[in-house]
Amino acid sequence: MAQTVLVTGGAGFIGSNVVAELTETGAYDVVVCDRLRTSAGGKWRNLAKHAIADFIAPEALADWLEGRGQDVAAIVHMGAISSTREPDADLVIHTNFTLSRDLFAWCAARGRRFIYASSAAVYGDGALGFEDDPSPAALAALRPLNPYGWSKLLFDAHVVRQAGRGLAPQWAGSRFFNVYGPNEYHKGSMRSVVAGIWPKVRAGDTVQLFRSYREDCPDGGQKRDFVYVRDAARVVAWLVDHPEASGIFNVGSGEARTFADLATATFDAAGKAPLIRYGEMPEDLRGAYQYFTEARLDRLRAAGYRAAFTTLEDGVADYVKRYLDRSDAYR
């Protein structure tokens with residue numbers, strides 16, 4: 001009999017790709033908890049190709065767990081407010097910390113496994129590096145730049161404390177770096193740069209990136225660890241398959257690349273000559289902007305994850321040719 005895995009936020013960007021990975025194996029009955037909102041928003045399309053076992057609205061989750069919780073082997077908690085520009089800090093903490101805390105407590109009380117989404121936003125400006133060290137001292141030293149990053153760090157610290165008391169058979173936080181790929185279209189301004197510039201790239205027009213505000217970094221030279229969503233989802237699916245793996249794990253490619261590289265790769269995938277100019281960054285972002293991120297993957301590799309990560313050029317080419325440049329852009 002297939003195990004039941006509950007995926008919160010399963011109609012979202014990373015969540016729906018996790019659902020795709022889990023349903024494609026046929027080893028799990030995958031239940032999704034999320035809000036689809038309007039049909040025009042497209043989130044339902046993120047799930048339309050996958051045979052999920054049930055769909056639950058967030059407000060009905062407690063009742064569903066009360067009645068069906070005995071069937072759940074693991075909760076994959078991808079649900080969150082993921083906008084780094086959300087102005088309502090109370091809402092961010094309630095959604096990303098309080099609700100997450102309650103789900104973890106449910107799992108701990110019943111001996112269920114808990115796998116959740118953390119974020120590279122916990123590293124702030126990167127001055128302390130990008131080591132996914134779960135020790136209380138290392139967590140206490142981090143200084144995120146926005147409420148979103150703080151909410152993720154707060155929950156990381158909570159889970160580590162609770163896990164130290166032996167309250168969960170498996171706990172695993174995935175610190176996602178800059179994820180791009182199919183099923184992100186509902187995210188609006190929080191879509192990846194690839195998705196954001198694609199209409200202009202396809203038309204052969206000039207695209208705009210943020211200029212740099214640091215003398216040691218040229219325009220377009222800001223570096224991030226861009227990770228293809230298929231790779232990110234595979235790490236989560238691997239964690240579901242490996243209940244012995246617990247901890248906080250960076251999920252990135254392991255290689256920082258520039259935004260100019262990313263835009264150039266998008267033009268190359270479309271068979272167009274790169275046309276890039278640089279414009280002003282919104283003032284509210286300038287003090288909370290990461291100029292460099294790069295995942296250290298040592299702990300993930302030590303836990304047993306061996307799969308290679310897709311290169312930037314190969315990931316962007318796959319995204320463009322298999323999704324963005326087709327009438328059906330959904331995975």
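How many bridges join strand 6 to strand 11, and in which sense do the two strands run? Five bridges join them, and the two strands run parallel. The model described here is a predicted one, and this briefing begins with the sheet to which these strands belong, then turns to the helices and finally to three individual residues.

**The sheet as a whole**

- The sheet is open and consists of seven strands, which pair in parallel and follow one another in the order 3-2-1-4-5-6-11.
- Its edges are formed by strand 3, residues 54-56, and strand 11, residues 247-251; each of these has a single partner strand, so one side of each is left without a neighbour in the sheet.
- From one strand to the next, the twist averages 20 degrees.
- As general background, the strands of a sheet pair through backbone hydrogen bonds, and the pairing may be either parallel or antiparallel.

**Pairing around strands 4, 5 and 6**

- Strand 4, which covers residues 72-77, runs parallel to strand 5, which covers residues 113-119, and four bridges join the two.
- Within this pairing, Ala74 has Arg113 of strand 5 as its bridge partner.
- Strand 5 is also paired with strand 6, again in the parallel sense, and this pairing extends over six bridges.
- Phe114 has its bridge partner in strand 6, namely Trp171.
- On the pairing of strand 6 with strand 11, Ser174 stands opposite Phe249 of strand 11.

**The surroundings of strand 6**

- Strand 6 is mostly covered, with six of its six residues buried.
- This covering applies to both faces of the strand, since Trp171, Gly173 and Arg175 are buried on one side, while Ala172, Ser174 and Phe176 are buried on the other.

**Helices packed on the sheet**

- Helix 3, residues 61-68, packs on the sheet and touches strand 1 (3-8), strand 2 (28-33), strand 3 and strand 4, while its direction makes about 140 degrees with that of strand 3.
- Helix 6, residues 147-163, likewise packs on the sheet, where it touches strand 5, strand 6 (171-176) and strand 11, and its direction makes about 150 degrees with that of strand 5.

**Helices packed on each other**

- Helix 1, residues 13-25, packs with helix 8, residues 229-241, at an angle of about 60 degrees, and their axes are 8 Å apart.
- This angle makes helix 1 oblique to helix 8, and helix 1 passes helix 8 in a right-handed crossing.
- The contact between them is made from helix 1 by Phe13, Ile14, Asn17, Val18, Glu21 and Leu22, and from helix 8 by residues including Val229, Arg230, Ala233 and Val240.
- Helix 7 packs with helix 9, residues 259-270, at an angle of about 45 degrees and with the axes 10 Å apart.
- Helix 7 and helix 9 are therefore oblique to each other, and their crossing is right-handed.
- Val193, Val194, Ile197, Trp198 and Val201 are the residues of helix 7 that make this contact, and among those of helix 9 are Phe259, Leu262, Phe267 and Ala270.

**Asn17 and Asn183**

- Asn17 belongs to helix 1 and is buried, with a relative accessible area of 0%.
- A polar atom of the Asn17 side chain lies 3.1 Å from the backbone oxygen of Pro182.
- Leaving aside neighbours within four places in sequence, Asn17 is in contact with Pro182, Asn183, Val229, Ala233 and Arg331.
- Asn183 is found in the loop between strand 7 (178-180) and helix 7 (193-203), and it counts as buried because its relative accessibility is 0%.
- The side chain of Asn183 makes a polar contact of 3.0 Å with the side chain of Ser16.
- Residues up to four places away in sequence not being counted, Asn183 touches several others, among them Gly12, Phe13, Asn46, Ala329 and Tyr330.

**Ile75**

- Ile75 has its place in strand 4, and with 0% relative accessibility it counts as buried.
- The C-alpha atoms of Ile75 and Cys107 are separated by 7.7 Å, although the two residues are 32 residues apart along the chain.
- Apart from residues up to four places away in sequence, Ile75 touches Leu6, Thr8, Leu103, Trp106, Cys107, Arg113, Phe114 and Ile115.

Conventions: Residues are numbered from 1 along each chain as its sequence is written. This is a predicted model: local features need pLDDT of at least 70, side-chain atom pairs count only at pLDDT 80 or more; totals for chains, interfaces and linings use all residues. Side-chain values use heavy atoms; hydrogens and water are left out. Buried means under 20% relative accessible area, exposed over 50%, partly exposed in between (1.4 Å probe, protein chains only). A polar contact is a pair of N or O atoms within 3.5 Å; within protein, one must be able to donate a hydrogen and the other to accept it, and residues adjacent in sequence count only if both atoms are side-chain atoms. Contact means heavy atoms within 4.5 Å. Two strands pair if DSSP finds at least two bridges between them. Axes are lines fitted to C-alpha atoms, for helices over the stretch in contact, and angles run from 0 to 180 degrees between N-to-C directions. Angles under 35 degrees count as roughly parallel, over 145 as roughly antiparallel, 65 to 115 as roughly perpendicular and the rest as oblique. A crossing is left-handed if the near helix is turned anticlockwise from the far one by less than a right angle, and right-handed if clockwise.
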